[in-house]
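Me: I have a structure open and want the reasoning behind its labels. Can we go through them one by one?

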Amino acid sequence: MLRLRLEKLLEEKQVTRYWLSQKTKIKYQTIDKYYKNKIVRYDSYILNAICNALDCTPADLFYYEKDEK
């Protein structure tokens with residue numbers, strides 16, 4: 001399963017979800033869903049805005065977690 005490491009990136013950059021929401025002009029609730037990995041389909045516009053705000057690449061933002069089946 002593809003997962004976001006947004007929590008770790010925000011911690012490394014020492015910024016909050018609120019800051020990211022303000023910087024990207026994306027609703028806090030949406031940022032919070034990405035932060036908590038509650039997203040099923042990723043929006044390329046939102047991912048681009050997050051990467052621009054955090055000065056990172058999609059490779060920095062994602063990691064793969066193998067399903068336990």
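Reply: Start with the aromatics. This is a predicted model. In this model, ring pairs link Y34, Y42 and F62 into a cluster.

Me: How many aromatic pairs are there by this rule?

Reply: The count is two.

Me: What makes Y34 and Y42 a tilted pair?

Reply: Their ring centres lie 6.1 Å apart, and the cut-off for a pair is 6.5 Å. Their planes meet at 55°. Stacked needs under 30 degrees and edge-to-face needs over 60. The angle fits neither, so the Y34 and Y42 pair is tilted.

Me: Why is the pair of Y42 and F62 called edge-to-face?

Reply: The centres of these rings are 5.0 Å apart, with the planes at 90°. Edge-to-face starts over 60 degrees, so the label holds for Y42 and F62.

Me: Where in the chain do Y42 and F62 lie?

Reply: Y42 is in the loop between α3 (28-35) and α4 (44-54). F62 is in strand β2 (residues 62-64). The two are 20 residues apart, and the pair links distant parts of the chain.

Me: Which of these labels fits Y42: buried, exposed or partly exposed?

Reply: Y42 has 26% relative accessibility. Buried means under 20% and exposed means over 50%. Y42 falls in between, so it counts as partly exposed.

Me: And why do Y34 and F62 count as buried?

Reply: Y34 has a relative accessible area of 2%. F62 has 16%. Both values are under 20%, so both residues are buried.

Me: What sits over the face of Y35?

Reply: R17 does, at 3.9 Å from the ring centre. The distance limit for a charge over a ring is 6 Å, so R17 meets that part of the rule.

Me: Now T24. Why is T24 called buried?

Reply: Its relative accessible area is 8%. The cut-off is under 20%, so T24 is buried. T24 lies in helix α2 (residues 17-24). Beyond four places in sequence, T24 touches I31, A49, I50 and A53.

Me: What lies 2.7 Å from a polar atom of the T24 side chain?

Reply: The backbone oxygen of L20. The polar-contact limit is 3.5 Å, so the distance for L20 and T24 is within it.

Me: Which residues touch the most other members of the largest nonpolar core?

Reply: L6, L20, Y34, I50, L54 and L61, out of 19 residues in that core. Elements giving two or more residues to the core are α1 (6-13), α3 and α4. Helix α4 gives the most, with seven residues. In soluble globular proteins, nonpolar side chains tend to be buried together.

Me: What is L61 in contact with, leaving aside its neighbours within four places?

Reply: The partners of L61 include R3, L4, L6, L9, L47, I50 and C51.

Me: How do you know that the radius of gyration agrees with a compact globule?

Reply: For 69 residues, the globule rule gives a value near 11 Å. The protein has 12 Å, so the two agree. Its C-alpha trace spans about 40 × 20 × 15 Å along the principal axes.

Me: And what pattern does the protein follow along the sequence?

Reply: The order is β-α-α-α-α-α-β. That comes to five helices and two strands.

Notes:
Residues are numbered from 1 along each chain as its sequence is written. This is a predicted model: local features need pLDDT of at least 70, side-chain atom pairs count only at pLDDT 80 or more; totals for chains, interfaces and linings use all residues. Side-chain values use heavy atoms; hydrogens and water are left out. Helices (H or I, at least four residues) and strands (E, at least two) are DSSP runs, numbered from the N terminus. Buried means under 20% relative accessible area, exposed over 50%, partly exposed in between (1.4 Å probe, protein chains only). A polar contact is a pair of N or O atoms within 3.5 Å; within protein, one must be able to donate a hydrogen and the other to accept it, and residues adjacent in sequence count only if both atoms are side-chain atoms. Contact means heavy atoms within 4.5 Å. Rings of Phe, Tyr and Trp (its six-membered ring) pair if their centres lie within 6.5 Å; planes under 30 degrees apart count as stacked, over 60 as edge-to-face and the rest as tilted. A charge sits over a ring if NZ of Lys or CZ of Arg is within 6 Å of the ring centre and within 35 degrees of the ring normal. A nonpolar core is a set of buried Ala, Val, Leu, Ile, Met, Phe, Trp, Tyr and Cys residues joined through side-chain atoms within 4.5 Å. The radius of gyration is taken over C-alpha atoms; the globule rule is 2.2 Å times the number of residues to the power 0.38.
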